Amino acid sequence: MTAVMETPVGLDSRHSWRITPVRPEDRSDVQRLFAACSVASVRHRFRAPLPAFPARHLDELLAGPPERHDALAVRAGAGGELVALGSLAQPYGPSDGHTAELALLVVDAWQRRGLGRALTAALVERAARRGVTRVVAEVEHGRGRLLTAVGRGLTLVRRTADRDGITGVFAIPGDLLVRTSVDRLVP
């Protein structure tokens, strides 16, 4: 399990950040993160303008077991302010148990600093340990570069476009799957 990762981004504690698992007691932090995001960031993430973090999704995010809904947070500075959120969840509908859907939400002021890439890498590593072999990500039309960035380090299996947006299906590289399955054997 990737417990905590410290990644300094600046020279002082206001610009350092760390990745931690999301916990049930993070509800108000997630709501503050949502409120700190622009309307555009919320629309890009949820593909709709929403007034608040969707309640059902928030409940699953905070309480879902990692094998169904794994979530990580990026906390910034000495105060640990929640500035980004990433999750890998079993897709809605029929699931093969080996595919997870990736979603990220990063506060605007913290975008383009590598938080999304770090969250994706940590989530993919955790997912590989649970036997997930494919990751699905969806973006709006015109945001294909974001899909490419999210898939960095993964193998593109399929990229499709429909009226709702662009979907990428990525395979987790075999070396990561082998490495993490060996890690499972170590006490």
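**Exercise 1. Find which residues of α1 meet which residues of α3, and describe how the two helices pack.**

Solution. Begin with the residues at the meeting place: R27, V30 and Q31 in α1 meet L58, D59, L61 and L62 in α3, where a contact means heavy atoms within 4.5 Å. The model is a predicted one, in which local features need pLDDT of at least 70 and side-chain atom pairs count only at pLDDT 80 or more, while totals for chains, interfaces and linings use all residues. Residues are numbered from 1 along each chain as its sequence is written, and side-chain values use heavy atoms, with hydrogens and water left out.

Next, place the helices along the sequence: α1 covers residues 27-36 and α3 covers residues 55-63, helices (H or I, at least four residues) and strands (E, at least two) being DSSP runs numbered from the N terminus.

Then turn to the geometry, for which axes are lines fitted to C-alpha atoms, for helices over the stretch in contact, and angles run from 0 to 180 degrees between N-to-C directions. The helices α1 and α3 pack at an angle of about 130°, and their axes are 11 Å apart. That makes α1 oblique to α3, because angles under 35 degrees count as roughly parallel, over 145 as roughly antiparallel, 65 to 115 as roughly perpendicular and the rest as oblique.

**Exercise 2. Determine whether L61 is buried or exposed, and list what L61 touches.**

Solution. L61 has its place in helix α3, and with a relative accessible area of 3% L61 is buried; buried means under 20% relative accessible area, exposed over 50%, and partly exposed in between (1.4 Å probe, protein chains only). Leaving out residues up to four places away in sequence, L61 touches V22, V30, F53, H69, A71, L85 and S87. A further step is to compare sequence with space: L61 and P24 are 37 residues apart in sequence, and their C-alpha atoms are 8.4 Å apart.

**Exercise 3. Trace the polar contact that the side chain of D29 makes, and describe the surroundings of its partner.**

Solution. D29 is found in helix α1, and its side chain makes a polar contact of 3.2 Å with the side chain of R75. A polar contact is a pair of N or O atoms within 3.5 Å; within protein, one must be able to donate a hydrogen and the other to accept it, and residues adjacent in sequence count only if both atoms are side-chain atoms.

The partner, R75, lies in strand β3, which covers residues 69-76, and R75 counts as buried because its relative accessible area is 5%. Not counting neighbours within four places in sequence, R75 is in contact with ten residues' worth of listed partners, including S16, W17, R18, D26 and D29. On the other side of the pair, D29 touches R75 and L82 when residues up to four places away in sequence are set aside, and L82 also appears among the contacts of R75.

**Exercise 4. Work out where F170 and R159 lie, and how accessible each of them is.**

Solution. F170 is found in strand β8, residues 165-171, whereas R159 has its place in strand β7, residues 155-162. The relative accessibility of F170 is 5%, so F170 counts as buried, while R159, at 42%, counts as partly exposed. The two residues are 11 positions apart in sequence and 8.8 Å apart in space, C-alpha to C-alpha.

For the surroundings, neighbours within four places in sequence are again left aside: the contacts of F170 include T133, V135, L147 and L154, and R159 touches G144, L147, T148, I166, T167 and G168.

**Exercise 5. Describe the backbone and the accessibility of R112.**

Solution. R112 is placed in the loop between β5 (99-106) and α4 (115-129). Although R112 is not a glycine, it has a positive phi of about 65°. With a relative accessible area of 87%, R112 is exposed.

**Exercise 6. Set these residues within the whole protein.**

Solution. The secondary structure comes to six helices and eight strands, and from the N terminus on the elements run β-β-α-α-α-β-β-β-α-β-α-β-β-α. Of the 187 residues in the protein, 43% are buried. Among contacts with a separation of 6 or more, 60% are accounted for by residues 24 or more positions apart.
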